[in-house]
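Work through the exercises below with the structure open. Try each task before reading its solution.

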Amino acid sequence: MTLWNPEYRVKVNGYTVTSATLAGMTITSGRTDIYAQPQAGYCNLSLLETNESSVTYEINMPLTVEVKDSNGDFVYLFGGFISDLNIEVATSGSTALSQRINIVAVGALARLARAIFEGNIASDMDGDQIYAILSGVLFDTWDEVPAATTWNDYDPTVTWANAENSGLGTIDQPGDYELDSQSNVLNNVYAIVSGLATSGLGYIYEDAQGRIGYADSTHRGEYLAANGYVDLDGNHATGSGLNIVKRAGDVRNAITITYGSAGNQSVTDTDPASITDYGQLAATVSTTLKNQADAESQAAFYLALRAYPQYLMSRITFEVGSPEIDDADRDSLLNVFMGLPLNIQNLPSNMVGGEFQGFVEGWTWRAGYNRLTLDLNVSPISYSLQAFRWNNVPITETWQTIDQTMTWLDATIIA
């Protein structure tokens, strides 16, 4: 166990803030509803100014917040753009004056809600369609580069592939589902790409640097298979406020999937046993899937994973600077992202059996003097990955063909 105190770095328009001190901060990212696409994250921070230095910040200037990890390297907590700026006098006297500069910044997804796409969308895979839309918005064209820019002024480390990239992150391409074409589209970009992401059973997201990415339907399973869970000790969490919840609103036992470019075709599937137990809890998912077989597959996916209620962890809080948390766990928390797989052990025995596996859906950072806390909401693993049932394992499978080092926890995601 090690002593760790947060050391922050705030940058506005690429320049480190040195004339003021970070007095408080709240950052919120991700989502609270697994059925909804994430909304733009936001950062609300307060800077304490005691020298009456000139305030050069402006609306729409990029803002990033970083903190040093256990190795002394800065890692990003937030990236976005200033949306609100407020300067007020905190204290005053005959010889001294202090001011509080309150800044609200929003994440990159906010930009998509104010960008308009007009045109046609060609039939393609979900990831490729999303990339085509976002690259048109987030990459500047040749004539958008400032006219006075010279080659000598340009950052020599920038590659041609990323030149003039103003916020496009990792897009899973090509994706997993073929989506239909759309004609005469006129809508804001957020509405378009969130619809495409839902059609592909994936989600758009903001990374900690403020870039927009897309995770396709197999992204979480592939990441978990390659990297495993981050193991956390529930005893290291703040006990007060730890919350799990099971909701009828998360259950789907009668699913209708609309598909096709016009959305006038549909398939419906039900789980009679779940309907008997809980009553009909129906939902319609609007997609632009091209093929009926994919619509049927997605309906089956919803029923297989979400026909029965499961506990989700709506809140668990970690004091990141706690000496009980080791450096590896602390760095994992500092690098939290949407879809991070967690295995949380040593919970109260009457809460999900004392152990919870799931994926991070959203989080909130709260910073104060020598303090940094992280609130997480985590969906159950079974809402994202279909666990193998005994009667679904191929009958030709033998114990000798299974990796002998595999744990029972990981056996649920074979194939």
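Strands, labelled E, are DSSP runs of at least two residues, numbered from the N terminus. The model used here is predicted.

**Exercise 1. Place proline 174 and describe the peptide bond that leads into it.**

Solution.
- Step 1: Find the element. Proline 174 sits in the loop that links strand E10 (168-171) to E11.
- Step 2: Check omega. From glutamine 173 to proline 174 the value is near 5 degrees, and the bond is cis.
- Step 3: Set this against the usual case. Most peptide bonds are trans.
- Step 4: Check confidence beside the loop. Strand E11 (residues 178-179) has the highest confidence in the protein chain, at a mean of 97.

**Exercise 2. Decide where the coordinates call for caution, using pLDDT.**

Solution.
- Step 1: Take the whole chain. Mean pLDDT is 86, and 85% of residues reach 70 or more.
- Step 2: Find the weakest element. Helix H8 (residues 408-411) has the lowest confidence, with a mean of 53.
- Step 3: Look for a low stretch. Over residues 139-149, pLDDT stays under 50. The model has 16 contacts for this stretch beyond four places in sequence.
- Step 4: Apply the rule. Coordinates with low pLDDT should not be read in detail.

**Exercise 3. Find the loops that hold asparagine 346 and asparagine 370, and give the phi of each residue.**

Solution.
- Step 1: Start with asparagine 346. The residue is in the loop between strand E21 (341-345) and E22. Its phi is positive, about 60 degrees.
- Step 2: Turn to asparagine 370. This residue is in the loop between E22 and strand E23 (371-380). Its phi is also positive, near 55 degrees.
- Step 3: Recall the usual sign. Most residues other than glycine have a negative phi.
- Step 4: Classify exposure. The partly exposed class runs between 20% and 50% relative accessible area. Asparagine 346 has 42%, so it is partly exposed. Asparagine 370 has 41% and therefore falls in that class too.

**Exercise 4. Which residues touch the most other members of the largest nonpolar core?**

Solution.
- Step 1: Count the members. This core has 53 residues.
- Step 2: Name the best-connected ones. They are Leu63, Trp365 and Leu376.
- Step 3: Find the main contributor. Strand E22 (residues 356-368) gives the most, with five residues.
- Step 4: List what tryptophan 365 contacts beyond four places in sequence. Among them are Met25, Ile27, Leu77, Val320, Leu333 and Leu374.
- Step 5: Look for another core. A second, separate one has 36 residues, including Ala115, Val185, Ile204 and Tyr214.

**Exercise 5. Is glutamine 182 buried or exposed, and is alanine 293 buried or exposed?**

Solution.
- Step 1: Place glutamine 182. The residue is in strand E12 (residues 182-188).
- Step 2: Apply the cut-off. Buried means under 20%. Glutamine 182 has 18%, so it is buried.
- Step 3: List its contacts. Beyond four places in sequence, glutamine 182 touches Asn120, Ile121, Leu196 and Thr288.
- Step 4: Place alanine 293. The residue is in helix H6 (residues 292-306).
- Step 5: Apply the other cut-off. Exposed means over 50%. Alanine 293 has 52%, so it is exposed.

**Exercise 6. Describe the surface patch that includes Ile59.**

Solution.
- Step 1: Name the members. Ile59, Leu85 and Ile87 form this nonpolar patch.
- Step 2: Give the area. Together the three have about 240 Å² accessible.
- Step 3: Place isoleucine 59. The residue is in the loop between strand E4 (42-49) and strand E5 (62-68).
- Step 4: Classify isoleucine 59. Its relative accessibility is 45%, so it is partly exposed.

Note on methods
Residues numbered from 1 in each chain as written. Predicted model: local features only at pLDDT ≥ 70, side-chain atom pairs only at ≥ 80, totals over all residues. Heavy atoms only, no water. pLDDT = per-residue confidence, 0-100. Helix = DSSP H or I, 4+ residues; strand = E, 2+ residues; numbered from the N terminus. Contact = heavy atoms within 4.5 Å. Patch = residues over 30% accessible without salt bridge, like charges linked within 9 Å, V, L, I, M, F, W, Y side chains within 5 Å. Areas by Shrake-Rupley, 256 points an atom, 1.4 Å probe, with all protein chains shown as cover. Salt bridge = Lys/Arg side-chain N within 4 Å of Asp/Glu carboxyl O. Buried < 20%, exposed > 50% of the residue type's maximum accessible area, 1.4 Å probe, protein only. Core = buried A, V, L, I, M, F, W, Y, C linked by side-chain atoms within 4.5 Å.
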